[in-house]
Amino acid sequence: MSSGAAVSLRGVTKRFGAVTAVAGVDLDIAEGEFFSMLGPSGSGKTTMLRLIAGFELPTAGTVLLKGRDVTRLPPFDRDVNTVFQDYALFPHMSVAQNIAYGLRVRRVAKEERNRRVDEALASVRLDEFGSRRPHQLSGGQRQRVALARALVNRPAVLLLDEPLGALDLKLREEMQVELKAIQQQVGITFIFVTHDQQEALTMSDRIAVFADGRIEQVGTPTEIYERPMTQFVAGFVGTSNVLQPAVARALVGRDAIATIRPEHIRIVAVGAEPDADEMHTIATVRDVQYLGAFVRVRAETDEGARLVVDVPSFTGVGADVALGRRCTLAWSSRYVRAVGQSSSTNTGGEE
Amino acid sequence: MYMSRAARYVLATFTTLVLLVLYFPILYIARLSINKARSYAWPPQGFTLQWWRAASHATGPRDALFRSLETALLASAIALVLGTLASFALTRYRFFGHNAVSFIAVLPIALPGIVTGIALNSGYHRVGINLSLFTLVVAHATFCIVIVYNNVAARLRRLAPSLEEASADLGADIFQTFGYITFPLMRSALLAGGLLAFALSFDEIVVTTFTAGSGFETLPLWIFNNMFRPNNLPLVNVVATVVVVLSIIPVYLAQRLSDGALGASGR
């Protein structure tokens, strides 16, 4: 048992009948960390969260909170609080009563309770909203009430189950910044479940990528994005060109599954030559998508590999990438990564 | 939905006619309770409160009223307890025979009252239980349970399971969660179910005929036994009006509660 870990998972497995939702997860989450569990739906990340909260009992394995074995403890005896995906605000109580709930059932004295509720309301900028009912609030406000209701109890760990999923894009981006700021201010360990890789990369200190109930890789956002260890991680976090060994040998001279990010391939301007230290190939443009900041080009190489190439819009690729045009693709070999065969049958895909 | 003007008029006329057929006879009874003449003859003649005065002094209707209230209260109390327990079991847990039990729980409301009445009557005799208030209350409870069960189960299905989890997560033990979260959110459904069950039992006559002890006359039975005695006819009109009013109030309240619950549960 490692000291200093807020949460330690040892061989945690959860089966529902014939389905294995979580398959032997080992993980240490440090105190004060913003830790994300990232994965597609059905990858076991939410079940993992529910096992830490105590809503589910593991089939095998141990859950430790600050070194204490809580595997068999009910939710109300664990020093963790949860922000639910649907917020789960109590509809028959005011905002202030919702926030006070945890203090009330733990019999915190009234004056202290009121003081802490006021503080919590202020910390999420809802000072004027204490007497409202949840249904009188907007989605973003409900989200902040759910956060305040959990944080007012000063838990050792805060669990967040896709809390931004119901918000529209603009609000979502604002809340990402706000959540991160609140986490740094209160210094509580946050465990954040999401299927949105962008969200995970933006907010986290570290990320665990889940697939089929297992952890594919744990690392900082930079490590996960720039040095994916498996085909799944390369495909799920950002977009990657995954080259199977036969193609990889022909194209990049590696005898393994290799990946390269679309933004690391460039289209050599007509009449120019690739740099001396670059690898290159000839390809035919099959599809062009304008995505604002960049243009996404799908090209088929003469070796038969289909590559996705992101060209920054400002470089003005123009006529060079017209459908059916032949062009030279070039990349530096340091951006090519050999990855392991994924333990998951799921290959991540482009999303 | 788009509807032509003609279609709307036809529907409006038809709806009005149906409502008239349903409610005019009831209103007519109420009118007759303050009629000077003793007969059902049209048109009603004059106004008098003498029948209401007579009814308030007659012991028959008053005793019958108390028996009906007693029966309805006891039957809906039993229904509240058993119906709520059943709805929790059937909405929260999956078990062997789940579908069969849920079907059997709602079946009594569909069974013809005469069959339920005769079956219970012969059952009581077979076991050697004499007909009494007890046998009547048990008989009424069989269909009152269904009303409570349906109301509470509908509410439980609509309650997000995350609410109870959130309560536990915030440190509430199971009793606190029930007291602060589950019960308050169910309360209006319980009340609505209880009121409807009360109304159903209060004016029930078919099952009552077979399961009430001899001499145990509820209000509907009293009406039925007296409506062919010309002398008592005006009293019957008064009592019938009272029964209608006493049945409408709980149904009205129950409907308000069920409608309002959606707003209160804040969706």
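Here are legends for three close-up views of a predicted model.

**View 1. Chain A and chain B meet at a contact built from residues of both chains.** Let us start where the two partners touch: chain A supplies 21 residues and chain B supplies 19 residues. On the chain B side, the elements that give two or more residues are α7 (161-169) and α8 (174-202). Of the elements on this side, α7(B) gives the most, with 6 residues. If you sort the residues of chain B that touch chain A by character, you find 10 nonpolar, 5 polar and 4 charged.

**View 2. Helix α9 of chain A has buried residues along one face.** This helix covers residues 245-252, and its buried residues are Val247(A), Ala248(A), Leu251(A) and Val252(A). Look down the axis of α9(A): these buried residues fall within an arc of 100°, so they line one face of the helix. What lies over them? The cover for the buried residues of α9(A) includes four strands of chain A, β11 (241-243), β12 (257-260), β14 (278-290) and β15 (294-301). Just after the helix comes Gly253(A), which has a positive phi, near 70°.

**View 3. Strands β1 and β2 of chain A form a hairpin.** Follow β1 (residues 5-16) and then β2 (residues 19-30) of chain A: the two run antiparallel and are joined by 8 bridges. To find one pair of partners, look for Val7(A), which stands opposite Ile29(A) in β2(A). Between β1(A) and β2(A) there are 2 residues, and Gly17(A) in the turn has a positive phi of about 60°.

How values were computed:
Residues numbered from 1 in each chain as written. Chains lettered and ligands numbered in written order. Predicted model: local features only at pLDDT ≥ 70, side-chain atom pairs only at ≥ 80, totals over all residues. Contact = placed C-beta atoms within 7 Å. Nonpolar A, V, L, I, M, F, W, Y, C, P; charged D, E, K, R; others polar. Buried ≥ 20, exposed ≤ 12 C-beta atoms within 10 Å, placed from the backbone. Arc of directions from axis to C-beta. Pairing = 2+ DSSP bridges.
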